[in-house]
Every structure is written in structure tokens, then in C-alpha cells.
Amino acid sequence: MLQPFLHEALIFHHQSFSSKEELFSHIQQEALKSGYITEQFEEKIAEREKSFPTGLEVGNLNIAIPHTDPEYVLKQFIAIYTLKEPIKFRRMDDPSADTAVSIVFVLGLNEPHAQLEVLQDLMAKLQDQNFISDIHQATSIQKIIEKF
């Protein structure tokens, strides 16, 4: 279910960012030049993250799943970032607390039924610590795609 949403141009492994805002700026630049999003995507994903944090503590490697409203997505995608050093995201289960995130899945979905299905499938995969570790340790974009 998830593979059709993965595109090599939107998978970034072993990246370094000082903050989630810097990561959001990067996905804006990359997804915009490939025609995946509108100009407002970065602003709207940052706004949504403030109101509805997406950091999840799932074991040794924490994740975040930022996303925004469908009207800012032109072509559906899941962007994946594996990070050299974790960056802080607010926790989904406790918005007053931060968590250090090592993998970020940016969801760009514009069909309501797809959003629910993708989130369910992704959350099922994220229950597997080996899957998370394999994604983080992958040595190439192709190896990340193969894990899905």
C-alpha cells in the first residue's frame, strides 16, 4: 500500500538539519520543484505541527509524521528523512514535551481515504523496531524503498 507513494526524489538518507523548520524548508524546496506541492505547503505544515505535534517515541529511534491539509498537495507522496543527528519535535501524546526524532515521514496526501489507509499501514510498520532500525541504517535510497 505504501510503495506507490514513495519517490526517489523525496527520500533523503543521512541528512543533517538543525531544526524541524529547516527540514520543512528542505521538503518545500524539493517537493515544489518536482510539482508535488503548492507554494503554501511549508507554511501550512509548520502551522499544523504547532497545533497538532507529530513526534512519536517508538523505541530507540523516535519518528515524526508531519503533514498538512490536502489542498496543499498536488501529487501524493511520502517523503522520508533519516537523520545523522536527531532533531526536536513536540510529542503527539504529550504536546508539552519534546522528543529527539531520527526518522521523519512527511506525508503529502490529498485524498481523505488515502490518508487514513496510509497512516494505518505506516503505523503498523512502525511497530516493528527492526523495520525502523533498517530504515535508519540503510545505505542508499533504494534500500529504504526495498524495506517497504
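**Exercise 1. Work out whether Q28 is buried or exposed, and what surrounds it.**

Step 1: with a relative accessible area of 8%, Q28 counts as buried; the cut-offs are under 20% for buried, over 50% for exposed and partly exposed in between, using a 1.4 Å probe and protein chains only. Keep in mind that this is a predicted model, where local features need pLDDT of at least 70, side-chain atom pairs count only at pLDDT 80 or more, and totals for chains, interfaces and linings use all residues. Numbering runs from 1 along each chain as its sequence is written, and side-chain values use heavy atoms, with hydrogens and water left out.

Step 2: find the element. Q28 sits in helix 1 (helices are DSSP runs of H or I with at least four residues, strands are E runs with at least two, numbered from the N terminus).

Step 3: list the partners. Skipping neighbours within four places in sequence, Q28 contacts I37, T38, E39, F41 and E42, where contact means heavy atoms within 4.5 Å.

**Exercise 2. Describe how helix 1 packs against helix 2.**

Step 1: get the geometry. Helix 1 (residues 20-33) and helix 2 (residues 41-51) pack at about 150 degrees, with axes 9 Å apart. Those axes are lines fitted to C-alpha atoms over the stretch in contact, and angles run from 0 to 180 degrees between N-to-C directions.

Step 2: go through the residues. From helix 1 come K20, E21, F24, S25, I27 and Q28, and they meet F41, E42, I45, A46 and E49 of helix 2. By type, that contact splits into five nonpolar, two polar and four charged residues.

Step 3: widen the view. Buried residues of helix 1 are K20, L23, F24, H26, I27, Q28, E30 and A31, and they pack against strand 1 (11-15), helix 2, strand 4 (77-90) and strand 5 (98-108).

**Exercise 3. Find which residues touch the most other members of the largest nonpolar core.**

Step 1: the core has 25 residues, and I78, I80, F105, L122, L126 and F148 touch the most other members. Such a core is a set of buried Ala, Val, Leu, Ile, Met, Phe, Trp, Tyr and Cys residues joined through side-chain atoms within 4.5 Å.

Step 2: zoom in on F105. Leaving out residues up to four places away in sequence, F105 touches I63, A64, I65, P66, I78, A79, I80, L122, L126 and F148.

Step 3: look elsewhere. Apart from this core lies another, of 23 residues, including F17, L23, F41 and Y72.

Note on methods:
Nonpolar A, V, L, I, M, F, W, Y, C, P; charged D, E, K, R; others polar.
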